[in-house]
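Reader: I am new to this structure. Please take me through a few of its residues, one question at a time.

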Amino acid sequence: MDTGGNSLSSAAPDGVKRKVCYFYDPEVGNYYYGQGHPMKPHRIRMTHALLAHYGLLQHMQVLKPFPARDRDLCRFHADDYVSFLRSITPETQQDQLRQLKRFNVGEDCPVFDGLYSFCQTYAGGSVGGAVKLNHNLCDIAVNWAGGLHHAKKCEASGFCYVNDIVLAILELLKVHERVLYVDIDIHHGDGVEEAFYTTDRVMTVSFHKFGDYFPGTGDVRDIGYSKGKYYSLNVPLDDGIDDESYHFLFKPLIGKVMEVFKPGAVILQCGADSLSGDRLGCFNLSIKGHAECVKFMRSFNVPLLLLGGGGYTIRNVARCWCYETGVALGIEVDDKMPQHEYYEYFGPDYTLHVAPSNMENKNSHQVLEEIRCKLLDNLSKLQHAPSVQFQERVPDTELPEVSFAYFYKDKIGGIDSNCSHNSQLRFYGLSTWASHLNSF
């Protein structure tokens with residue numbers, strides 16, 4: 001059964017224009033993880049260039065994010081970890097080997113020039129998008145520099161240092177009783193799931209490659225704990241999944257989630273490493289197939305924050321996020337690519353769309369059906385729209401009257417920064433502050 005977004009009374013036709021806020025810092029493309037490292041922030045600048053030359057920027061409010069401050073990051077991350085990120089440099093790292101090991105910084109997550117500024121920039125865009133949504137200043141907010149879903153409370157992981165998604169969810173929870181997080185990156189959204197594993201105010205849904213693949217979490221049997229039981233959904237997939245197989249799961253599952261959870265806001269992490277031909281990935285999605293997830297989430301007409309994430313064949317990342325920005329705006333962009341400063345990256349065809357490969361789809365229909373039935377059954381065990389004590393109040397974060405930038409100020413509050421390093425704890429000692437969410 002294909003539970004379409006338009007089947008809900010709150011949904012609006014896909015053709016209806018939405019007000020979109022787009023966050024971009026021109027400096028973000030200058031950050032460099034190092035020679036040979038697959039994560040390349042330059043892809044954000046390439047995406048922006050495509051948006052400019054396709055004429056999409058003129059249809060959005062374009063905002064430069066104000067950098068997240070220390071105390072903003074410490075709403076989730078431990079004080080000593082944030083202090084370490086602020087102080088570490090390529091020149092001083094050899095003097096802090098113990099700290100590097102403690103915070104898992106070094107190889108996958110290297111120290112590079114401007115590391116802390118990079119974290120402040122991408123986190124500022126995601127929190128800024130949440131603030132815009134909270135103030136009803138847009139329908140959809142976009143931050144392609146964000147979506148770094150692996151970062152933990154006390155450590156870096158999988159190219160991610162600060163978990164901007166968790167910070168954005170905490171911001172949304174100031175106004176919305178329930179927030180939905182959906183992750184279509186090829187890697188499991190472990191950092192976000194972990195952060196909210198014991199609360200029923202946040203539902204996390206991750207579609208990912210599972211089995212001898214980083215980060216190794218995201219089993220279908222991982223469903224949440226305590227008050228959060230059944231509020232974590234994991235969709236484990238195998239190599240070569242194509243558009244049809246992906247949406248055989250995505251649409252009915254997300255349709256049911258929207259029906260029973262009734263989120264006040266949604267974050268969609270649009271990691272582009274699930275595309276066919278990704279340097280680190282092994283899925284076979286087309287750009288249109290990937291973007292269909294954006295189109296489907298948009299159709300529910302719920303405040304939506306679109307974030308980036310993985311994606312390591314950078315010409316295809318830029319193609320994907322450009323096209324998905326068009327989907328957010330309700331504008332179909334031409335396949336023929338306009339001339340621009342990175343035009344040579346897209347040869348020899350110079351088109352926006354690329355054909356998926358003929359790789360084998362190792363996801364049998366029988367296995368997909370079993371996963372779908374299992375997860376729909378889990379959702380049937382949820383109480384409809386869990387009730388929480390929720391008091392109307394002015395959000396802590398104010399939004400000044402400035403059109404060209406989002407300036408982040410005022411008290412953002414804090415959450416217990418004590419960190420458990422016991423790797424056996426499924427949620428890394430976060431249950432204390434997760435339960436604190438009910439006091440928002």
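Author: A residue counts as buried when its relative accessible area is under 20%. The model discussed here is predicted.

Reader: Is H340 buried or exposed?

Author: The cut-off for a buried residue is under 20% relative accessible area. H340 has a relative accessible area of 9%, so H340 is buried.

Reader: Where along the chain does H340 lie, and in which loop?

Author: Two helices frame the position, α10 (314–329) and α11 (365–380). H340 is in the loop between α10 and α11.

Reader: Which residues does H340 contact, leaving aside its neighbours within four places in sequence?

Author: One partner is far off along the chain: H340 and A49 are 291 residues apart, yet their C-alpha atoms are separated by 7.0 Å. A polar atom of the H340 side chain also lies 3.0 Å from the backbone oxygen of P338. With neighbours within four places set aside, the contacts of H340 are A49, L50, H53 and F346.

Reader: How many disulfides are there?

Author: A disulfide is a covalent bond between the sulfur atoms of two cysteines. The rule applied asks for a pair of cysteine sulfur atoms within 2.5 Å. The count by this rule is 0.

Reader: Why is C270 not bonded to the closest cysteine sulfur, in C320?

Author: C270 is buried, with a relative accessible area of 0%. Its sulfur is too far from the closest cysteine sulfur, in C320, for a bond, the distance being 7.3 Å.

Reader: Which residues does the UniProt annotation "binding site" cover?

Author: The annotation comes from an unreviewed UniProt entry, and it covers D185, H187 and D273. These residues are spread over 89 residues of sequence but cluster in space, with a largest C-alpha distance of 8.2 Å.

Reader: Is H187 buried or exposed?

Author: H187 is found in the loop between β4 (179–183) and α7 (190–195). Its contacts, not counting residues up to four places away in sequence, include H149, H150, Y213 and D273. The relative accessible area of H187 is 9%, so H187 is buried.

Reader: Which residue has its backbone nitrogen 3.0 Å from a polar atom of the side chain of D273?

Author: D273 lies in the loop between β7 (265–269) and α9 (287–298), and D273 is buried, at 0% relative accessible area. Leaving aside neighbours within four places in sequence, its contacts include D185, I186, H187 and Y312. The backbone nitrogen at 3.0 Å from that side chain belongs to I186.

Conventions:
Residues are numbered from 1 along each chain as its sequence is written. This is a predicted model: local features need pLDDT of at least 70, side-chain atom pairs count only at pLDDT 80 or more; totals for chains, interfaces and linings use all residues. Side-chain values use heavy atoms; hydrogens and water are left out. Buried means under 20% relative accessible area, exposed over 50%, partly exposed in between (1.4 Å probe, protein chains only). UniProt positions are given in the numbering used here, feature names are shortened, and annotations may be inferred rather than shown by experiment. Helices (H or I, at least four residues) and strands (E, at least two) are DSSP runs, numbered from the N terminus. Contact means heavy atoms within 4.5 Å. A polar contact is a pair of N or O atoms within 3.5 Å; within protein, one must be able to donate a hydrogen and the other to accept it, and residues adjacent in sequence count only if both atoms are side-chain atoms.
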